[in-house]
Amino acid sequence: MTADMNRQWRVARYPKPEELIGKAHFEWTSEPIAKPADGQFLVRTICLAPVPAQRGYLEKSHHSFLENLAIGEVMRGRGVGQIIASRHPDYPEGSIFVGSLGWQDYSLQHPRGAEFVFSTKKIKNPLRPLSMELGILGQAGATAYFGLLETGQMKAGDNVLISGAAGGVGSAAGQIARIKGAKQVVGITGADEKCRWLGDELGYDATINYKTENVGERIAELFPDGIDVFFDNVGGDILNAALGNLAMHARIAICGFIATDYSPGPHHGPINYQCMVYKRARMEGFVVFDYWDRYAEAEQDLLNWHNEGLLKNTEDEDEGLENMPAALASLFTGGNIGVKILRVSPDPDVLPQEKFK
Ligand SMILES: NC(=O)c1ccc[n+]([C@@H]2O[C@H](COP(=O)([O-])OP(=O)(O)OC[C@H]3O[C@@H](n4cnc5c(N)ncnc54)[C@H](OP(=O)(O)O)[C@@H]3O)[C@@H](O)[C@H]2O)c1
C-alpha cells in the first residue's frame, strides 16, 4: 500500500533489562510526507529488516553498534525503498535505494560519504525480491561472509559450529561454510522444526536443539576432533560449551550475544575460556560495518553463489509497518526462520535497469 501520510514508529520508552521489547516501547504517529530540498530525495519504504541490535538503540547505557536513540525519535532501521521524488541528479525517481530508512513509510535521504557507518546506496541492478538486499545480499550475508572468512579464517576441511544457526546471519554463515568446503557444519538452534530445516534445506550435517539437548555433550559427540571455527551469534552457556570442545588453533568469531545481552541474568563468564590456552585458540569480535569498503567483494561472491543455486535466500516475511514492533520482538523469542523481513509496500512492477532474472 502507499500511505497518504507518513506513518512512523517513534521511540516511546526504553525497555527494562528483563522486558521483551515490543509495541509498548514505541509510539505510532503520522505526519505529512516531506518534500525533498536541493540535494535530497524522497524514498518510499518497501521493506525493513528488524535486527536484534535495534533493542540496543533503546538502552541508555548500552554499548551498542550505533549511538542510542532519544525518546521521540523515529526508530532507526535499515530498509529498501524506491525514490519517488528527487532533487539530486544522481538519484533519479524510480531508483531502488537501500539505507537507514527508519520505521516509516517515507524518508528524506541524501548521499552519504564513504565514512558513513551505515552504508547507503542506489542499487544499480536490483534483483527480486528486493528484500534480498537486507538478507543474503545485504547485511546478513555480509556479516556471515566477513565473520566466517575473515574473523573466523575458515578454510576447506574445517569443522564448523554455528550458533543462532537458523537466524538471518546464521543461515547465511552455514551455507557459506558449506560452499567453502567445510568438512562438517553443525548448527545450534532452539526448535526441532528449525533443526530439520537446517538439515533438509541448507545442507547442515548435524544440528543441536539447545532447548532440549545437552549442548556440551552433543558438541563433544559431533566434534571428536574438536571445533576449528565457531561462529557465535548468541554467547552465554552455548559459547562456554563450545570453548570446552576446541581443536588446536581454533578460531572463535564473536558476532553477537543475544543469549546474555538482552536478558536480566545473572550471567556468568565463559569459564571454559581457559581451554583457549591449551588449544592456542583465538577469539575475536567483529562488526560488519568495518568491512563496508570491501563490501563489493562480498556482494559479488554472494550474488554468484546465489545465481549458481548454492546460496539460498532465507526469508521470513511479515507484513505491515504497524507490525514492526512485533517483528522485532519475535527475534528474541525465536519466532523467525532465516532473515526476518517486514514488508511495508510491494516491490515495484518494473525495476530500473533490471539485468538479472
Ligand atoms: N557483529 C556484527 O557486525 C553483527 C551484524 C549483524 C548481526 N549481528 C548479531 O548476530 C546475531 C544474529 O542476528 P540476526 O539479525 O541474524 O538475528 P536472527 O538470528 O535472525 O534472530 C535472532 C535469533 O536468535 C535466537 N535466540 C533468541 N534468543 C536466544 C537465546 N536466549 N539463546 C540462544 N538463541 C537465541 C533465536 O533463534 P532460536 O530459535 O535458535 O533460539 C532467534 O531467531 C545477533 O546477535 C546480532 O546482534 C552482529
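Two strands count as paired here when DSSP finds at least two bridges between them. In this predicted model, strand β8 (residues 159–163) and strand β11 (residues 227–232) clear that bar, with three bridges joining them and a parallel run. Within this pair, Leu-161 stands opposite Phe-230 in β11. As a rule, strands of a sheet pair through backbone hydrogen bonds, either parallel or antiparallel.

Zooming out, β8 and β11 belong to an open sheet of six strands, laid out in the order β10-β9-β8-β11-β12-β13 with parallel pairing. The edges are taken by β10 (206–209) and β13 (282–285), each of which pairs on one side only. Going from one strand to the next, the twist averages 15 degrees. Helix α2 packs on this sheet and touches β11, β12 (246–254) and β13. The direction of α2 makes about 150 degrees with that of β12. Another helix, α4 (residues 192–202), lies across β9 (184–189) and β10, and runs at about 170 degrees to β10.

There is also a helix pair to look at. Helix α5 (residues 215–222) packs with helix α6 (residues 236–243) at an angle of about 35 degrees, and their axes are 9 Å apart. The crossing of α5 past α6 is right-handed. On the α5 side, the contact is made by Val-215, Gly-216 and Ile-219, and α6 answers with Asp-237, Ile-238, Ala-241 and Ala-242. Sorted by class, this contact has five nonpolar residues, one polar and one charged.

At the level of the whole chain, the domain assignment gives domain 1 (6–135 + 313–343) and domain 2 (140–288). Taken over C-alpha atoms, the centres of domain 1 and domain 2 are separated by 28 Å. Where the domains meet, 14 residues of domain 1 are in contact with 15 residues of domain 2. The side of domain 1 that touches domain 2 is made up of six nonpolar, five polar and three charged residues.

Then comes the ligand. Both domain 1 and domain 2 give residues to the shell around the ligand, so it lies between them. There are 30 residues around the ligand, and those that come nearest are Gly-167, Gly-168, Gly-190, Gly-256 and Gly-334. By class, the shell splits into 16 nonpolar, 12 polar and two charged residues. Several helices chip in: α2 (139–151), α3 (168–179), α7 (258–261) and α10 (324–332) each supply at least two residues of the shell. Helix α2 therefore turns up twice in this account, as it packs on the sheet and also supplies residues to the shell around the ligand, which lies between the domains.

Two backbone details sit in loops on either side of α2. The peptide bond from Arg-128 to Pro-129 is cis, with omega near -10 degrees. Pro-129 is found in the loop between β7 (121–123) and α2. Further along, Gln-153 has a positive phi of about 45 degrees, although this residue is not a glycine. Gln-153 is placed in the loop between α2 and β8.

Definitions and conventions: Residues numbered from 1 in each chain as written. Predicted model: local features only at pLDDT ≥ 70, side-chain atom pairs only at ≥ 80, totals over all residues. Domains from an automatic or database assignment. Contact = placed C-beta atoms within 7 Å. Nonpolar A, V, L, I, M, F, W, Y, C, P; charged D, E, K, R; others polar. Near = placed C-beta within 6 Å. Helix = DSSP H or I, 4+ residues; strand = E, 2+ residues; numbered from the N terminus. Axes fitted to C-alpha atoms, helices over the stretch in contact; angles between N-to-C directions. Left-handed = near helix turned anticlockwise from the far one by under 90°.
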